[in-house]
Amino acid sequence: MAQAWRARGRPGRRRVKPARASGLNPALALALCVAAGALMQAVRAPLPWMIGPLLAMALCNFGGARLRAPLPARPVGQVIIGVALGLYFTPAVAQEVLSYWPLLIAAALLAMLLAWACAWLLAAVGGVDRVTAYFASVPGGAAEMAVLGERYGARVDRVALAQSLRILTVVVVVPFALVWSGARGADSYLPGAALAFDAGGLAALLAVAAAAGGLLWRARLPNPFMFGPLVATIALTVAGQHLSSVPGWLSATGQLLLGCALGSRFERAYLSSMARYVGAVFLSIVLALALAAGGALTLAWLSGLPVATLVLATAPGGIAEMCVMAKVLQLGVPLVTAAHVTRVIVLLTTTAPVFRLVRRCL
């Protein structure tokens, strides 16, 4: 009787949750990410505070750890990065970037062609339907493509997996490739408030940025906590309102939170249950990188801009991740940011109409 009573537990007492289901899980994840970022910085790896947490989280989760990022990690990281990038857009820089509008449109069109080529390969090799392959290949944001894909009958889990693997691969491969190729940044652009740090001004700037992100979120616009802070900060900077610079430690914190959130998307079941599909996704990513590099070389030849800057501008990665790379490597932050903002806007507004048109024609 006593044993049965102990087995049932005392009345009213809650069972202790396993660590992975409690608040301890995200705390452990953050500790792991800090250690991984510090290690990457110690070995002088490019983009250490993003690549370190991303790889550590992904590897642990592939091993079955099931670590979770804190719920606000991604939006908080995006707010910080959006503010840091927006400070580069002084009036002179904004005017110069606008002069490159044909190049920005060309880079966006290249992303569309890249998506169709990768979708064809993914459907042919990965054993998935063409609808899933298409929305899995468009570099327009993982969440946004998953939502659009679901509307047209795509496999949401496979779309999300492919989009996440694409960003993971690009974030790891591109900065190492640029560093190993000898690309050295000599970015003449400086943030508008680079020499003026003010704690009160920074707090006000972050509050305005977060409010802008919240407004876009309530309006259900895509990527709200990246676009909202970015647009708000650009507007203030272009108007000459320099409230504060963003200190290096805060920028590193934003990168760490983004890496942690991205790495938490991966699960062990992905690799064990969809081995063929995962292999095909990696093949399509290799094709995407090759096509993007070829496009960057062509645009560099036509425009006279540095190849390394245009590699980042055309790379099929996430907007936050690619722009952080440009900032850390000092490779044309405003141009890279403008290119990826243009790409995302073009892809989000044209993906569904183009898909419907092509489906009717076939």
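1. His242 has a relative accessibility of 36% and therefore counts as partly exposed, since that value falls between the 20% limit for buried and the 50% limit for exposed residues. In this predicted model, His242 is placed in the loop between α11 and α12, the latter covering residues 248–263. Its C-alpha atom is separated by 8.1 Å from that of Ala196, although the two residues are 46 positions apart along the chain.

2. The helix that precedes this loop, α11, contains 15 residues. From its first C-alpha to its last it reaches 21 Å, close to the 21 Å expected at 1.5 Å a residue. Its buried residues are Pro224, Met226, Phe227, Gly228, Pro229, Leu230, Ala232, Thr233 and Thr237. Just after α11, Gly240 adopts a positive phi of about 85°.

3. Two arginines deserve attention for their backbone angles. Most residues other than glycine have a negative phi. Arg220, however, has a positive phi near 60°, and Arg66 has one of about 55° although it is not a glycine. Arg220 sits in the loop between α10 (199–218) and α11 (224–238), whereas Arg66 belongs to the loop between α3 (48–62) and α4. Arg220 is classed as exposed because its relative accessible area of 77% is over 50%. Arg66, with a relative accessible area of 54%, is likewise exposed.

4. What does the length of α4 indicate? This helix spans residues 73–86, and its 14 residues should cover 20 Å at 1.5 Å a residue; the end C-alpha atoms are 20 Å apart, so the span agrees with expectation. Of the 14 residues, 11 are buried, and α4 is therefore largely enclosed by the rest of the structure. The buried positions comprise Ala73 and an unbroken list in the helix from Gly77 through Gln78, Val79, Ile80, Ile81, Gly82, Val83, Ala84 and Leu85 to Gly86.

5. Helix α6 covers residues 101–126 and includes Leu109. Together with Trp101 and Ile105, Leu109 forms a nonpolar patch on the surface, and the accessible area of the three together is about 330 Å². At 44% relative accessibility, Leu109 counts as partly exposed; this is over the 30% required of a patch member, so Leu109 meets that criterion. As general background, an α-helix has 3.6 residues a turn, so residues three or four places apart point the same way.

6. Is Ala115, which is also in helix α6, buried or exposed? Ala115 has a relative accessible area of 2%, which is under the 20% limit, so this residue is buried. Ala115 and Val138 are 23 residues apart in sequence, while their C-alpha atoms are 4.8 Å apart in space.

7. Which residues form the positive surface patch? They are Arg151, Arg356, Arg359 and Arg360. The largest share of this patch, 3 residues, is contributed by helix α17, which covers residues 333–361. Arg359 is located in α17. With a relative accessibility of 45%, Arg359 counts as partly exposed, because this value lies between the limits of 20% and 50%.

Methods
Residues numbered from 1 in each chain as written. Predicted model: local features only at pLDDT ≥ 70, side-chain atom pairs only at ≥ 80, totals over all residues. Heavy atoms only, no water. Patch = residues over 30% accessible without salt bridge, like charges linked within 9 Å, V, L, I, M, F, W, Y side chains within 5 Å. Areas by Shrake-Rupley, 256 points an atom, 1.4 Å probe, with all protein chains shown as cover. Salt bridge = Lys/Arg side-chain N within 4 Å of Asp/Glu carboxyl O. Lys, Arg positive; Asp, Glu negative; His and termini not counted. Charge placed at Lys NZ, Arg CZ, Asp CG, Glu CD. Helix = DSSP H or I, 4+ residues; strand = E, 2+ residues; numbered from the N terminus. Buried < 20%, exposed > 50% of the residue type's maximum accessible area, 1.4 Å probe, protein only. Expected span 1.5 Å × (residues − 1).
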